[in-house]
Amino acid sequence: MTISSELQLVVARTDGLLAVVVSDKDGAIAVKATRPELPSQVLEPAFTASFLLTSEQMAKIGFGKTNQLISMCGHYCIAQFNASTSTAPFVLTLIAAQDANIGVIVDTGRALRPAVEALVVSLPTFAT
């Protein structure tokens, strides 16, 4: 079974979860799993890359390294996790419906993070 199909199972089994996306620092998607009803513009590179920009700004004002960020935008709840390695900055993004249980979404992201970090190490073409 591929990582994409495993992520698709996670999306299908988690109430309210609409997408799981792994992207690099520029928002280029390495792997994703989505529900059909998720509008494509939600996966725009600027959106998925926003975590790293926010992380940099948080560090500059003294908050230190950002490991996860949760935000609510319109009809969506977004949980983003730092999945970077020493050689490549990557982000794990979970997009859920606004009425999803954010605790379940965060727990799902935390559970996926080690597998995503292992995946990132195996993606030399994305290394920067």
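This report walks through the fold of one protein chain, from its overall shape down to single residues.

## The whole chain

The structure is a predicted model. The protein chain holds four helices and five strands. Read from the N terminus, these elements follow the order α-β-β-α-α-β-β-β-α, which is a handy map to keep beside you as you turn the structure around.

How does the radius of gyration of the protein chain fit a compact globule? For 128 residues, a compact globule would come near 14 Å, and the protein chain has 14 Å, so the two agree. Along the principal axes, the C-alpha atoms fill a box of roughly 35 × 35 × 25 Å.

Of the 128 residues, 39% count as buried. The accessible surface comes to about 6700 Å², and carbon and sulfur atoms make up 58% of that area. Now take the contacts in the chain with a separation of 6 or more: 53% of them join residues 24 or more positions apart.

## How the strands pair

Let us now follow the strands. The table lists four pairings, each with its number of bridges.

| Strands | Sense | Bridges |
|---|---|---|
| E1 (residues 17-24) and E2 (residues 29-34) | antiparallel | five bridges |
| E1 and E5 | antiparallel | seven bridges |
| E3 and E4 | antiparallel | six bridges |
| E4 and E5 (residues 90-97) | antiparallel | seven bridges |

Strand E5 appears twice in the table, paired with E1 and also with E4. Strand E1 likewise pairs with E5 and with E2.

A single residue can show you how this works. Which residues stand opposite Ala19? In E5, Ala19 faces Ile95, while in E2 the bridge partner of Ala19 is Thr34. Further along the sheet, Asn82 stands opposite Val91 in E5, and Met72 has Cys77 of E4 as a bridge partner.

Two of these pairings are hairpins. E1 and E2 form a hairpin with four residues between them, and Gly27 in that turn has a positive phi of about 90 degrees. E3 and E4 form another hairpin, with two residues between them. Here the turn contains Gly74, whose phi is positive as well, at about 55 degrees.

## Covered strands

Is strand E1 enclosed or open? Eight of the eight residues of E1 are buried, so the strand is largely enclosed by the rest of the structure. Strand E4, residues 76-82, is mostly covered too, with seven of its seven residues buried.

E4 is a good place to look at the two sides of a strand. In a regular strand, side chains alternate between the two faces of the sheet. In E4, Tyr76, Ile78, Gln80 and Asn82 point one way, whereas Cys77, Ala79 and Phe81 point the other way. The residues on both sides are buried.

## Helix H4

Next comes helix H4, which spans residues 102-121 and includes Thr108. Is Thr108 buried or exposed? Its relative accessibility is 14%, and because buried means under 20%, Thr108 counts as buried. Leaving aside residues up to four places away in sequence, Thr108 touches Val10, Thr14 and Leu94.

Helix H4 also carries a salt bridge, in which the side chains of Arg113 and Glu117 meet at 3.2 Å, N to O. Both residues lie in H4, four residues apart, which is about one turn of the helix. Arg113 is partly exposed, with a relative accessible area of 22%, and Glu117 is partly exposed at 27%.

## The other salt bridge and a surface patch

How many salt bridges are there in total? The count comes to two. Besides the one in H4, Asp26 forms a salt bridge with Lys25, and their closest N and O atoms are 3.4 Å apart. Lys25 is partly exposed, with a relative accessible area of 36%.

Finally, look at the outside. Met58, Ile61 and Phe63 make a nonpolar surface patch of about 330 Å². Ile61 sits in the loop between helix H3 (50-60) and strand E3 (68-73). With a relative accessibility of 60%, Ile61 counts as exposed, because the cut-off for exposed is over 50%.

Terms used. Residues are numbered from 1 along each chain as its sequence is written. This is a predicted model: local features need pLDDT of at least 70, side-chain atom pairs count only at pLDDT 80 or more; totals for chains, interfaces and linings use all residues. Side-chain values use heavy atoms; hydrogens and water are left out. Patches are made of residues with over 30% relative accessible area and no salt bridge: like charges are joined within 9 Å, nonpolar side chains (Val, Leu, Ile, Met, Phe, Trp, Tyr) within 5 Å. Accessible areas come from the Shrake-Rupley method with a 1.4 Å probe; for residues, only the protein chains shown count as cover. A salt bridge is a side-chain nitrogen of Lys or Arg within 4 Å of a carboxyl oxygen of Asp or Glu. Buried means under 20% relative accessible area, exposed over 50%, partly exposed in between (1.4 Å probe, protein chains only). Two strands pair if DSSP finds at least two bridges between them. The radius of gyration is taken over C-alpha atoms; the globule rule is 2.2 Å times the number of residues to the power 0.38. Contact means heavy atoms within 4.5 Å.
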